[in-house]
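Subject: Handing over the structure

Dear colleague,

Here is the structure I promised to pass on to you, with the sequence beside it. Please open both before you read my notes, which come straight after.

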Amino acid sequence: MQRRQFLTRMAGFGLTGAALPGLAQAHVGGALPEKFLPREVEIAPGIAAGEIHVMPDEFALYWTLPEGRAIRYSVGVGRADLYHAGSYVVQVKKEWPSWKPTPAMVRREPEKYEKYAEDGMPGGLDNPLGARALYLFVDGRDTYLRIHGTNQPSTIGQAVSNGCARLVNDHIIELYEKVPLGTKVFLYPKAGNPYRPDQHGMDHHA
């Protein structure tokens with residue numbers, strides 16, 4: 001999908017709809033403001049059901065439903081040049097995944113990541129990937145981009161990650177159950193960050 005098509009389809013998403021009551025509880029690490037709760041919204045007709053669309057400037061992830069509807073989740077996204085727009089496929093799913101920083105992450109922030117470079121970190125509440133992770137691939141190749149959980153609700157609505165989209169753990173658990181392997185994922189360009197189809201994350205996660 002080309003950038004022009006991304007932008008055309010992005011313009012079709014609406015922001016109406018009430019928060020879904022089943023996911024309006026408090027979260028590990030503090031309560032999530034009501035504006036960040038999932039809600040069912042209207043979207044442009046003709047967008048296929050069963051896809052994930054991430055709008056970085058809205059800090060929103062849409063899980064598309066039939067008949068022009070979607071569930072909108074609030075997310076944190078990659079900071080600055082660590083966000084990579086493109087088309088991906090969910091090829092691996094993991095519950096309470098382990099995590100290991102990429103070499104690029106260790107080079108950028110050795111004081112933060114070097115201690116995990118060798119053995120990584122087992123899954124658990126303190127793990128940066130949270131309760132669930134969807135692993136994004138391109139042509140069978142792991143991009144090291146993830147859609148994953150976090151126990152830090154304060155990072156939702158911010159560009160703070162190393163390239164991945166993060167939801168609070170309650171929300172990624174709920175989304176994880178809906179998303180089968182093979183699901184298409186579209187990461188839309190940020191304003192001022194042109195779509196570069198030759199770049200697909202390759203050295204970023206969490």
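What follows is a description of what was found, going from the whole protein to single residues.

Please keep in mind from the start that this is a predicted model. The protein has 206 residues, of which 50% count as buried, and its secondary structure comes to four helices and 11 strands. If you take the contacts between residues with a separation of 6 or more, 71% of them are made by residues 24 or more positions apart.

The interior is a good place to begin. The largest nonpolar core has 26 residues, and those that touch the most other members are Ile 52, Leu 61 and Ile 147. Once its neighbours within four places in sequence are left aside, Ile 147 is in contact with both Ile 52 and Leu 61, and its other partners include Arg 132, Ala 133, Leu 134, Ala 165, Ile 172 and Val 185.

One of those partners, Ala 133, deserves a closer look. Ala 133 is found in strand 7, and it counts as buried because its relative accessibility is 0%. With the same kind of neighbours left aside, that is, those within four places in sequence, Ala 133 is in contact with Val 92, Lys 93, Lys 94, Pro 97, Ile 147, His 148 and Tyr 176. Its C-alpha atom is separated by 9.9 Å from that of Leu 145, which is 12 residues away along the chain.

Another partner of Ile 147 is Ile 172, and this residue takes us to helix 4, which covers residues 169-178 and whose buried residues are Asn 169, His 171, Ile 172, Leu 175 and Tyr 176. They lie on the same side of helix 4, because they cover an arc of only 155 degrees around the axis. As background, an α-helix has 3.6 residues a turn, so residues three or four places apart point the same way. What do the buried residues of helix 4 pack against? They pack against strand 3 (60-65), strand 4 (69-74), strand 6 (86-95), strand 7 (132-138), strand 8 (141-150) and strand 10 (165-168).

Next comes the largest pocket, whose volume is about 370 Å³. It is lined by 20 residues, and Lys 112, Tyr 113, Pro 128, Gln 152 and Arg 166 are the ones that lie nearest its centre. Helix 3 (110-113) and strand 9 (159-161) each supply at least two residues of this lining, and the residues of the lining divide into eight nonpolar, seven polar and five charged.

Tyr 113 also appears in the surroundings of Val 106, which touches Pro 101, Tyr 113, Glu 114 and Ala 117 when residues up to four places away in sequence are not counted. Val 106 lies in helix 2, residues 103-108, and it is buried, since its relative accessible area is 16% and the limit for that class is under 20%.

Two loops are worth comparing on your screen. Arg 79 is found in the loop between strand 5 (77-78) and strand 6, where it counts as partly exposed because its relative accessibility is 25%. Although Arg 79 and Ala 159 are 80 residues apart along the chain, their C-alpha atoms are separated by 4.5 Å. Beyond its neighbours within four places in sequence, Arg 79 is in contact with Ala 159 and also with Arg 108, Glu 109, Val 160, Ser 161, Asn 162 and Lys 190. Asp 139, for its part, is found in the loop between strand 7 and strand 8, and it counts as exposed because its relative accessibility is 81%. The C-alpha atoms of Asp 139 and Val 89, which are 50 residues apart along the chain, are separated by 8.4 Å.

Finally, there are two residues whose backbone angles you may want to inspect. Phe 59, which is not a glycine, nevertheless has a positive phi of about 50 degrees; it lies in the loop between strand 2 (52-55) and strand 3, and at 23% relative accessibility it counts as partly exposed. Tyr 144, likewise not a glycine, has a positive phi of about 65 degrees, but Tyr 144 is found in strand 8, and with a relative accessible area of 33% it is partly exposed.

With best wishes

Technical notes: Residues are numbered from 1 along each chain as its sequence is written. This is a predicted model: local features need pLDDT of at least 70, side-chain atom pairs count only at pLDDT 80 or more; totals for chains, interfaces and linings use all residues. Side-chain values use heavy atoms; hydrogens and water are left out. A nonpolar core is a set of buried Ala, Val, Leu, Ile, Met, Phe, Trp, Tyr and Cys residues joined through side-chain atoms within 4.5 Å. Buried means under 20% relative accessible area, exposed over 50%, partly exposed in between (1.4 Å probe, protein chains only). Contact means heavy atoms within 4.5 Å. The arc is that of the directions from the helix axis to the C-beta atoms. On a 1 Å grid over the protein atoms alone, a cavity is a set of points where a 1.4 Å probe fits but cannot get out, and a pocket is an open set with protein on both sides within 12 Å along at least five of seven lines; lining residues have an atom within 4 Å of a point. Grid points are joined across faces, edges and corners, and a volume is the space filled by probe spheres set on the points. Ala, Val, Leu, Ile, Met, Phe, Trp, Tyr, Cys and Pro count as nonpolar, Asp, Glu, Lys and Arg as charged, and the others, Gly among them, as polar.
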